[in-house]
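This report goes through one two-chain model, helix by helix and contact by contact. Please keep the structure open beside the text.

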Amino acid sequence: MIIINILFGLVVGFLFGYILTRTGITKYPRVMGMLLLKDFKILKFMLTAVTSSMILFYLLGDFGLLKTVPKNLDWGKLVGGLIFGTGMGILGYCPGTMAARIGEGKKEAILSLFGMAIGIFIYALTIKNVKETFLSSEMNGDIFTQLGVNKWIVIIPAAIIFSAIIYFVNKNFSDNKKIF
Amino acid sequence: MNIDNSKEWHWFKGGILVSLLSVATYFIFSAIADRNYPFGITAGFGYIAAQFGRLFGDLSENPVIKRFSEKPDAFIEFFLLIGLIIGGYTASKLSGTFLSENIPAVWEKYHGKSLIKRYLFVLVGSIFLGYGAALASGCTTGNILQGWAHLSLGSIVAGASFFAAGIITAKILYPKTGGNDDNN
C-alpha cells in the first residue's frame, strides 16, 4: 500500500510538474507579470483549467461518480490568503511551481522549499491562538446550499464569466510582450 | 527583457491537461488517501514540517504536526513534490529550457546582483507562503485550480486574497517596469 501511495504521488507530481514547466507557468517574469497585471498567460491557463475541471467535476457528480467537498469559509481563508499572496509577490512563484523550478535548475527555489516548511512549522506552533482567532466561526462553503439554487444555475454563469475573462485578456494582452 | 514563449505550450493545452489530471487524480486520491479532495501541494510541505516537529519531543501532540505526520495525503503529497521536481527537470531538459541560475534575471536587473539580499527575500517570502497556505488550508493548486473548480466559498475568498495581496506586493517591488535597454 505504501508503494502505491509513493508511486501515485510521484506520477501525479511528475505529470503536473511537466505541464507547469512546459507551459511556462513556472517562470518568475510570468508570475510577476501577472501580479503586475501585464502578462496574463498564467491567468488564462488557470481559468481554462478551472472552467474545464468545474464542468467535468459536476457532470461526473451528476452521474454519481464523485462527490465534491467544498472548503468551508472562515477568517483563516482571508487572512491566510493575504499572507500567502504577500509571500507569492515577494518570492515570485507559488508552492507547486517552486518544486518544478528546482528541477529546472533554479537554485534559490531549494531555499524556498525549506522556507515554506518553516512557515508551516511556525503555523503549528501558533495553532492554539490561530484556532481561537480565525477558525472558531465557520460557514458552510457549499455555494449552492448557501444560495439555495440548482447548481447549474451557478456553474454555467461562472463558466461564462471565466471564459469572458480569458477572451478579454487574450484579445488585449500578448504572451510575449516586453514587460521588464 | 521579453518573456520567450517560443518553446512553451499554448495556455489552452496546458489548462485542459491540468483539468484532466485533476479529475483523474480525484478518483484515485479519494480511494487511497481517504480524502474527498483532489491533489494539493501544501500537505507535502506539511509533511516536511512535521519531520522538523519530530525533533522536538513535546510537539508530538500538536494537532498540525500530528495531522501532517499521520494522514496519508501528506505522505502522498510529499512524493508529489518529488515528482514535481523530476517533472520540471524532464520538461526543461526535453524542451531545452533547463537553465541553472542563482536568482531570476529580472530580479537582478531591478534589485541588483546581491545574492544575500535576494535570498533574504526568498526566505521571508516562502515563510509567508507556508504560513499563509497552512492558515488558508491550501495554496494556488488547492484553492484555485481545485477549489475554484468546486466553487467552494472558502477557496473563492482565499484565491481572491492571494491575488489582492500579490498584486499590491508586486507593485511595491516593481513600481516602475518597462525596460529601456532596447526598443520593443
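What span should the 13 residues of helix H2 (residues 42-54) of chain B have at 1.5 Å a residue, and how far apart are its end C-alpha atoms?

## Helix H2 of chain B

This is a predicted model. The expected span of H2(B) is 18 Å, because the rise of 1.5 Å applies to one less than the number of residues. The end C-alpha atoms of H2(B) are 18 Å apart, which agrees.

H2(B) is largely enclosed by the rest of the structure, because 10 of its 13 residues are buried. The cut-off for buried is 20 or more other C-beta atoms within 10 Å. The buried residues are B:Thr42, B:Ala43, B:Gly44, B:Phe45, B:Gly46, B:Tyr47, B:Ile48, B:Ala49, B:Ala50 and B:Gly53. Both chains help to cover them. From chain A, the cover includes helix H5 (95-103) and helix H6 (108-125). From chain B, it includes helix H3 (63-70), helix H4 (72-95), helix H6 (115-135) and helix H7 (140-146).

## H2 against H3 in chain B

One of the covering helices, H3(B), packs on H2(B) at an angle of about 115 degrees. The axes are 8 Å apart. The crossing is left-handed. H2(B) brings B:Ala43, B:Gly46, B:Tyr47, B:Ala49, B:Ala50 and B:Gly53 to the contact. H3(B) brings B:Ile65, B:Phe68 and B:Ser69. By class, the contact holds six nonpolar residues, three polar and no charged.

## Chain B as a whole

Chain B has eight helices and zero strands. From the N terminus on, its elements run α-α-α-α-α-α-α-α. Chain B counts 184 residues, of which 53% are buried. The C-alpha trace spans about 55 × 40 × 35 Å along its principal axes.

How much of the contact set in chain B joins residues at least 24 apart, among contacts between residues at least 6 apart in sequence? The share is 57%.

## The interface between the chains

The contact between the chains takes 118 residues from chain B and 109 residues from chain A. On the chain B side, helix H1 (11-32), H2, H3, H4, helix H5 (105-111), H6, H7 and helix H8 (153-173) each supply at least two residues. H4(B) gives the most, with 20 residues. The chain B side divides into 73 nonpolar, 38 polar and seven charged residues.

One helix pair across the interface joins helix H4 (residues 75-91) of chain A to H6(B). Their axes come within 7 Å and cross at roughly 155 degrees. The two helices are therefore roughly antiparallel to each other, since angles over 145 degrees count as such. H4(A) passes H6(B) in a left-handed crossing.

Residues of H4(A) in this contact include A:Gly76, A:Val79, A:Gly80, A:Gly81, A:Ile83 and A:Phe84. Residues on the H6(B) side include B:Phe121, B:Val122, B:Val124, B:Gly125, B:Ser126 and B:Phe128. By class, the contact has 14 nonpolar, eight polar and no charged residues.

## Two positive phi values

Most residues other than glycine have a negative phi. Two residues of this model call for a look at that angle.

A:Leu37 has a positive phi of about 60 degrees, although it is not a glycine. A:Leu37 lies in the loop between helix H2 (28-35) and helix H3 (41-62) of chain A. Is A:Leu37 buried or partly exposed? A:Leu37 is partly exposed, with 14 other C-beta atoms within 10 Å.

B:Ser137 has a phi near 45 degrees, also a positive value in a residue other than glycine. B:Ser137 sits in the loop between H6 and H7 of chain B. B:Ser137 is buried, because 22 other C-beta atoms lie within 10 Å.

## A threonine in H1 of chain B

B:Thr25 belongs to helix H1 of chain B. B:Thr25 counts as partly exposed, with 19 C-beta neighbours inside 10 Å. The cut-off for buried is 20 or more.

Which residues does B:Thr25 touch, not counting residues up to four places away in sequence? They are A:Val12, B:Pro38 and B:Phe39. B:Leu55 is 30 residues from B:Thr25 in sequence, and 33 Å from it in space, C-alpha to C-alpha.

Notes:
Residues numbered from 1 in each chain as written. Chains lettered and ligands numbered in written order. Predicted model: local features only at pLDDT ≥ 70, side-chain atom pairs only at ≥ 80, totals over all residues. Helix = DSSP H or I, 4+ residues; strand = E, 2+ residues; numbered from the N terminus. Buried ≥ 20, exposed ≤ 12 C-beta atoms within 10 Å, placed from the backbone. Contact = placed C-beta atoms within 7 Å. Nonpolar A, V, L, I, M, F, W, Y, C, P; charged D, E, K, R; others polar. Axes fitted to C-alpha atoms, helices over the stretch in contact; angles between N-to-C directions. Left-handed = near helix turned anticlockwise from the far one by under 90°. Parallel < 35°, antiparallel > 145°, perpendicular 65-115°, else oblique.
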